[in-house]
Amino acid sequence: MEKSEILFLYETSYNIPNGDPFTGEQRYDEETKKILVSDVRIKRYVRTYLEDNGHSIYVSGENGNQTAKAALEKIAKESEETNIAEILKTQLDVKLFGGISTLDTTIKNKNNKECTNGHIQYTGPVQFALLNPSLNKVNMRMHQNTSHFTSKENNSQGAIGTTTVVPYSVMQIHGWINPKVAEITGMTNNDKELMFKGLWYGTSGEGSSFSRSKIGQDSLLLIELVYSDKKKKIYGVDRMISIKPKEEKKEEQLRALDDFDFDFSKLIAAVNDEKGAIAKVRYYTEIESINTALTAQIRKDRIEIISL
């Protein structure tokens, strides 16, 4: 496992990429005019995709809101292990994102043996920025709709709802992979590749992204910047990619990929730097213009395509 940083770009169109749990409204930085997507939202995309594809997930979306004890009991019943620390490590999302158990009561495993070590916490070797801003500025749009059902018995018309939607955004998710922490949770390179699949497909229409508020999302580019040494670090990886609107458009007027170009110049310079910290860049895209921009300017010995 190598130390690396992740940049994952996807576009959204007339939806709510990440609603606030209290208001339902899109998270928004009023000073920068950029929308925000949380790490929790991204991890949910990954977890749901992986679970839908047969992988064991601790923070499961299949059982609704349940207690940690209930989740552990279910996992333990399928294991011959008695150490809860080891039982947790059988769950793919724990190996990736970490997990916690504060169990005070007794649970039993597959062989009806009592499990031990109920208080355990794993920090995840994969972390995403707490809040990830869009690359472009956005003017929110108010949207009203009516429902078939009335809000009160005496009303003759359906209830009217009002919300704000994001006309268009290019989201950039910034992540980190720590190989030392990966040794503790047991995360492997194969687990990392599965996580990349969860990012790509789980965000763009599969799993929890297939919903009324998330339809309109498409993955654009997945990048892994692999460091040449575990002690090295690059400042401002999240500012290495920018966008340039075409035809004197403002960022708030963007509505599709045709409206702007990506500027990868800082990223390319960092990867090609002879004395730099980057050993190689791994990437995946299905957009030909992005593929051409990267392969034409990055050194051939420092570029690798991620297989999804």
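## A tour from the small sheet outwards

Start by selecting Tyr-28: its bridge partner is Ile-35, in strand 3. Before going on, note that this is a predicted model, in which local features need pLDDT of at least 70 and side-chain atom pairs count only at pLDDT 80 or more, while totals for chains, interfaces and linings use all residues. Residues are numbered from 1 along each chain as its sequence is written, and side-chain values use heavy atoms, with hydrogens and water left out. Helices (H or I, at least four residues) and strands (E, at least two) are DSSP runs, numbered from the N terminus.

**Stop 1: the sheet**

Add Asp-29, which faces Lys-34 in strand 3. Strands 2 and 3 pair in the antiparallel sense over two bridges; two strands count as paired if DSSP finds at least two bridges between them. Follow the chain through the hairpin that joins strand 2 and strand 3: four residues lie between them, and Lys-33 in the turn has a positive phi of about 65 degrees.

Now move to the partner of strand 3 at residues 131–133, strand 7. Strand 3 and strand 7 are antiparallel too, with three bridges, and Val-37 stands opposite Asn-132 of strand 7. Colour the three strands together and you have an open antiparallel sheet in the order 2-3-7. Strand 2 (28–29) and strand 7 are at the edges, each with a single partner strand, so one side of each has no neighbour in the sheet.

Show helix 1 next. Helix 1 packs on the sheet, touching strand 3 and strand 7 (contact means heavy atoms within 4.5 Å), and its direction makes about 55 degrees with that of strand 3. For that angle, axes are lines fitted to C-alpha atoms, for helices over the stretch in contact, and angles run from 0 to 180 degrees between N-to-C directions. What share of strand 3 is buried? Four of its five residues are, where buried means under 20% relative accessible area, exposed over 50% and partly exposed in between, with a 1.4 Å probe and protein chains only.

**Stop 2: two nonpolar cores**

Select Phe-128, Met-195 and Leu-199. In the largest nonpolar core, which has 32 residues, these three touch the most other members. Such a core is a set of buried Ala, Val, Leu, Ile, Met, Phe, Trp, Tyr and Cys residues joined through side-chain atoms within 4.5 Å. Elements that each supply at least two residues of this core include strand 1 (4–15), helix 1 (39–52), strand 9 (160–177) and helix 6 (189–203).

Zoom in on Met-195 and expand the selection. Which residues does Met-195 touch, not counting those up to four places away in sequence? They are Ile-6, Val-46, Leu-96, Phe-97, Val-126, Phe-128 and Ile-177. Apart from this core lies another, of 31 residues, among them Leu-135, Met-240, Phe-264 and Tyr-283.

**Stop 3: two loop residues**

Go to Gln-91, in the loop between helix 3 (84–88) and helix 4. Is Gln-91 buried or exposed? At 5% relative accessibility, Gln-91 counts as buried. Beyond four places in sequence, Gln-91 touches Ser-56, Ile-57, Tyr-58 and Ile-75. Try a distance label here: a polar atom of the Gln-91 side chain lies 3.4 Å from the backbone nitrogen of Ile-57.

Then pick His-55, in the loop between helix 1 and helix 2 (68–76). His-55 is partly exposed, with a relative accessible area of 27%. Outside its neighbours within four places in sequence, His-55 is in contact with Leu-50, Leu-92 and Leu-194.

**Stop 4: aromatic rings**

Rings of Phe, Tyr and Trp (its six-membered ring) pair if their centres lie within 6.5 Å; planes under 30 degrees apart count as stacked, over 60 as edge-to-face and the rest as tilted. By this rule there are eight aromatic pairs. Select Tyr-49 and Tyr-201, a stacked pair at 6.0 Å centre to centre with 25 degrees between the planes. Tyr-49 is in helix 1 and Tyr-201 in helix 6, so the pair ties together parts 152 residues apart in sequence. Tyr-49 is buried at 11% relative accessibility, whereas Tyr-201 is partly exposed at 21%.

Next come Phe-260 and Phe-262, with ring centres 5.3 Å apart and planes at 85 degrees, so this pair is edge-to-face. Both Phe-260 and Phe-262 are buried. To finish the rings, select Phe-8, Tyr-10, Trp-200 and Tyr-284, which form one aromatic cluster.

**Last stop: backbone angles**

Most residues other than glycine have a negative phi. Check Tyr-14 in strand 1, whose phi is positive, near 45 degrees. Then select Asn-117, in the loop between strand 4 (98–102) and strand 5 (119–123), with a positive phi of about 65 degrees.

Methods
A polar contact is a pair of N or O atoms within 3.5 Å; within protein, one must be able to donate a hydrogen and the other to accept it, and residues adjacent in sequence count only if both atoms are side-chain atoms.
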